[in-house]
Amino acid sequence: MDDTVARLRALEDRAQIANLIAAYGPLADTGAGEALAQLWVEDGEYDIGGFGLVKGHVALAAMMDSPVHRGLMEQGCAHILSPHRIELSGDTAVAVGYSTVMRRTGEIYEAWRVSANRWWLVRTAAGWRVKRRENTPLDGSLETRSILEMPDVA
């Protein structure tokens, strides 16, 4: 592949992945479970530190109806994702960054959950999709901070 074409494809891939990650927050905040599940491959996984492992489209969509999530939405919440560092390797990618869930308490918003995130992504016929997401609350431990390290993508 010509260098210019390769560089353009990499830029487009990064933009598509960034848009996919950015789509998560508004989908979660509106409870759009079916649309949120489509960000993942059919057998995709979401490891939500402290809440367990969610696997597959049905479980991913149902997560939006959990009592914890419904409670957040009823209070007023915002799932905010930072820009993520994205490393590409052919048809796979890894993205690393932060997420914060804000919730309304009275007249103010407070950070309810601040986490390190690692997304494992794959290119599909429908575009980039999540194979696995790891979300771990930052508690100061080396283990939780290690999620922010970029693993070998290849």
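Which residue lies over the face of Y24? In this predicted model, that place is taken by R133, at 4.5 Å from the ring centre. Y24 is a helpful residue with which to begin a tour of the interior, and the paragraphs below start from its ring.

Y24 belongs to helix α1 and forms an aromatic pair with W119 of strand β6, a partner 95 residues away along the chain. The arrangement is edge-to-face, with 6.3 Å from centre to centre and 75 degrees between the planes. Both Y24 and W119 are buried. The two rings are also part of a wider group, since ring pairs link Y24, W40, Y46 and W119 into a cluster. In total, the model contains six aromatic pairs.

Another of these pairs is found between F51 and W112. Their ring centres are 6.4 Å apart and the planes meet at 35 degrees, so this pair is tilted. F51 sits in the loop between β1 and β2 (52-55), whereas W112 is in strand β6, so the pair ties together parts of the chain that are 61 residues apart in sequence. F51 is partly exposed, with a relative accessible area of 47%. W112 is partly exposed as well, at 29%.

The nonpolar core comes next. In soluble globular proteins, nonpolar side chains tend to be buried together. Here the largest nonpolar core has 25 residues, and those touching the most other members are Y24, L36, W40, Y46, M63, W119 and L121. At least two core residues come from each of α1 (3-29), α2 (33-37), β1 (40-48), α3 (57-62), β5 (92-105), β6 (108-124) and β7 (127-137). Helix α1 makes the greatest contribution, with six residues. Leaving aside residues up to four places away in sequence, M63 touches Y24, L36, Y46, I48, V54 and H69. Y24 thus appears once more, this time as a contact of M63.

What about a charged residue in the strand that also holds Y46? E45 lies in strand β1. Is E45 buried or exposed? With a relative accessible area of 19%, E45 is buried, because the cut-off for that class is under 20%. Not counting residues up to four places away in sequence, the contacts of E45 are W40, L53, V54, K55, K131, R132 and R133. Two residues met earlier are therefore among the neighbours of this buried glutamate: W40, from the ring cluster, and R133, which lies over the face of Y24.

How values were computed: Residues are numbered from 1 along each chain as its sequence is written. This is a predicted model: local features need pLDDT of at least 70, side-chain atom pairs count only at pLDDT 80 or more; totals for chains, interfaces and linings use all residues. Side-chain values use heavy atoms; hydrogens and water are left out. A nonpolar core is a set of buried Ala, Val, Leu, Ile, Met, Phe, Trp, Tyr and Cys residues joined through side-chain atoms within 4.5 Å. Buried means under 20% relative accessible area, exposed over 50%, partly exposed in between (1.4 Å probe, protein chains only). Helices (H or I, at least four residues) and strands (E, at least two) are DSSP runs, numbered from the N terminus. Contact means heavy atoms within 4.5 Å. Rings of Phe, Tyr and Trp (its six-membered ring) pair if their centres lie within 6.5 Å; planes under 30 degrees apart count as stacked, over 60 as edge-to-face and the rest as tilted. A charge sits over a ring if NZ of Lys or CZ of Arg is within 6 Å of the ring centre and within 35 degrees of the ring normal.
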